[in-house]
Amino acid sequence: MAFPRFAILFLFLLFFLSQSIGKEEEFSEELLLKPLPDRKVLAHFHFQSRVPPTETHGPHHRLFPKAIYQLVHKFHIREMELSFTQGRWNYERWGGNDPISSNNAKPPGVELWAVFDVPQDQVDASWKNLTHTLSGLFCASINFLESSTTYSAPDWGFRQFAGNLRYGTLPREAVCTENLTPWLKLLPCRDKAGLSVLMDRPSIYRGYYHSQRLHLTSTEFDSTGLNMGIVLEQTLTVVLQPNNPGNSMTYSSDSTLPQSWSLSSLFGRKVGGKCVLAKSSNIFVQLEGDLVSELNSRKKENERDDTDNLDFEGSWSNFGFELSVSPDSVINEINSVHKGGPSVMYKFLVENYSDSKPFDLGLMWKIPVAWSCPQAPLQDNRFLMGSGNERGAIAISLKPIKQSEGFQTPDINNRDKCSFHVNVFQVVPWYVKVYYHTLQIFVDGKPQSVPDVVTKMRVSPSEDKVSPGVMELALKLPCGIMSAALTLDFDKGFLHIDEYPPDANQGFDIPSAVVSFPDFRASVNFLEDASSNKSPLLVKMQERSPVLSYTEVLLVPLTTPDFSMPYNVITITCTVFALYFGSLLNVLRRRMGEEERLLKSKAAKKNEQFPVLLSKLYAKLRGRPWEPPQSSTSTSSSSSSSSLLSSKLLIKVVLVAAVAAGWQYYSR
């Protein structure tokens, strides 16, 4: 009886361990909705999967995607980020000093960077293998980043991972549903349940901006003792225009009634409950601090001192707008650094709804209101100067926005005492040969000495067909500047005919430059209820990440050969060769004996035509049917019979002709 008891205890222990291990994996899904000043709506999906270290949890997982786990262990990835973006983030209207714009506003196309925990001499090999793996996993052309001419090794201008960091972009990569479908397959419920059911393809891709991002952090190979496991963040950021054309009344030159919206009007679908495997499923509606301040001022002007109230069952209303569903909690921002004031977050628990009772949140505006989003200290723009296909210049312009809240403009007398830092990271393809010694810096339109403004600089010149050019600058600018500009001269190189893309006449892309402000941190702290589980999205927004932005993608026209000339040459050459080889093969394959027999047979047929005609005429005169002459085996008999027949026929024809002539003569 001891053995069955031991077996039962062992099975019970295995079951308990499996249950405890299964609970350690976590998955959460959240959605952030935020109205924008230009009457659009920002929808930010945030999915997070977490798995404990392999040492304690093992290699088998219940929620975490197996493909990502194998990716981390095969290439020893410490941190990685991959983004697919369509459109460009509007920093002036949609904000540039908040966590969403700093972490999720990406350049057009594909951006990939990764940090490897391998020896220095194995980083490039790991990067090339990783690009091929991701290309097959996400059905994209990421494998083009394997070439050394397309990726770089930043030191400090992009991320603080010197040596083991690789960075590459594909500005012309198109983004479509073929990339979104593999991204959704990494979710436990895919797009069949939970918040992911809102990802209707036509609704997402008709937006003004669309960016799907995958961020991976791993401590599997960390030697510092931090055993946090692997954390996978999947975000989808979309800027949509509400489909409500009837709500577009303009009240004045500055105030316009924002468009009302709902989940069904934005995505064409409703939420039928949370994903059963998700630990938490929340929807947030965020109002910017400037918007909250504007609503409070309008409320005081109209002397309406009523508090938030319920107008009818299930709704929630205040002075400026009305929500179709009452929020489960209201979260206020604490320690706000923006001039507009603290922002407000309305939280909705999706677990309270089901397919029989779907969740369709709607926001209806009551009064016209105008506001602005928090802006970065400086707005950056990049453009080309010069003309022709030989030389040119790249210019980066930095200007403050009127509503900029990054810093207060100090007194002009104390201008030299206040300063802030700006980092510029730029990668240029090898066929754009930049002369870094031509760097010129202008502050408020006046030229400045480079050592007076540049505190740190790293330049890696390009090498033809081997590596791109990399520039990392650390600038120190006074707080009260009105404008700053950097210029660099370059020459345009020549490509081999095999290196031109199919659309070479369109031009060649220079990837976006990264401008960051290390003295400013994009973070929003919300006072959440301590009794409830902390939201991963709110925790992510509280991280003090540096404010950064991406410039435009430049389109450089290079000297392009006339591709019609090779086409014409190839066409006429193929024609000449076809005629030549056709005649030559005809002569080589022809047999002379067969040709002679063919000619003799043709001549014999021509000689036999006259006797045949005579025999037909003779048969007609005699009134008998014509019978073809029979061939004999003997050549002598055939020749004699044919000659005799021909002579007789000839005599008969002559006699008939004589009789006919006599008859005609006497008849006249």
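Trainee: What pLDDT does the protein chain average, and how many of the residues, in percent, score at least 70?

Mentor: This is a predicted model, and its protein chain averages a pLDDT of 83, with 84% of the residues scoring at least 70. The scale of pLDDT runs from 0 to 100.

Trainee: Where in the protein chain is confidence lowest, and where is it highest?

Mentor: Helix α1 (residues 2–24) has the lowest confidence, at a mean of 49, whereas strand β8 (residues 230–240) has the highest, at 96. Over residues 9–22 the pLDDT is below 50, and beyond near neighbours in sequence this stretch has 2 contacts in the model. Residues 632–637 also stay under 50, with 2 contacts beyond four places in sequence.

Trainee: How do you know that the span of helix α10 agrees with 1.5 Å a residue?

Mentor: Helix α10 comprises 13 residues (residues 289–301). The expected span is 1.5 Å times one less than the number of residues, so α10 should span 18 Å; its end C-alpha atoms are 18 Å apart, and the two values therefore agree.

Trainee: Which residues of α10 are called buried, and what covers them?

Mentor: A residue is called buried under 20% relative accessible area. In α10 the buried residues are Gly-289, Leu-291, Val-292, Leu-295 and Arg-298. Their cover includes β1 (26–35), β10 (280–287), β12 (321–323), β14 (344–349) and β15 (362–365).

Trainee: What span does helix α6 reach, and which of its residues are buried?

Mentor: The 16 residues of α6 (residues 123–138) reach 22 Å from the first C-alpha to the last, close to the 22 Å expected at 1.5 Å a residue. Val-123, Ser-126, Trp-127, Leu-130, Thr-131, Leu-134, Ser-135 and Phe-138 are buried in this helix. After α6 comes Cys-139, with a positive phi near 55°.

Trainee: What is a cavity here, and how many of 30 Å³ or more does the structure hold?

Mentor: In a cavity a 1.4 Å probe fits but cannot get out. The structure holds 7 cavities of 30 Å³ or more, and the largest has a volume of about 150 Å³. That largest cavity is lined by 19 residues, with Glu-288, Gly-289, His-338, Ser-343 and Pro-374 nearest its centre. The elements giving two or more residues to its lining are α5 (99–104) and α10.

Trainee: Why is the name "transmembrane region" given to residues 567–588?

Mentor: The name comes from an unreviewed UniProt entry, whose annotation covers residues 567–588; such annotations may be inferred rather than shown by experiment. In the model, the chain over residues 567–588 is 100% helix and 0% strand, with its end C-alpha atoms 31 Å apart.

Technical notes. Residues numbered from 1 in each chain as written. Predicted model: local features only at pLDDT ≥ 70, side-chain atom pairs only at ≥ 80, totals over all residues. Heavy atoms only, no water. Helix = DSSP H or I, 4+ residues; strand = E, 2+ residues; numbered from the N terminus. Buried < 20%, exposed > 50% of the residue type's maximum accessible area, 1.4 Å probe, protein only. Contact = heavy atoms within 4.5 Å. pLDDT = per-residue confidence, 0-100. 1 Å grid on protein atoms, 1.4 Å probe; cavity = no way out; pocket = protein on both sides within 12 Å on 5 of 7 lines; lining within 4 Å. Points joined across faces, edges and corners; volume = space filled by probe spheres on them.
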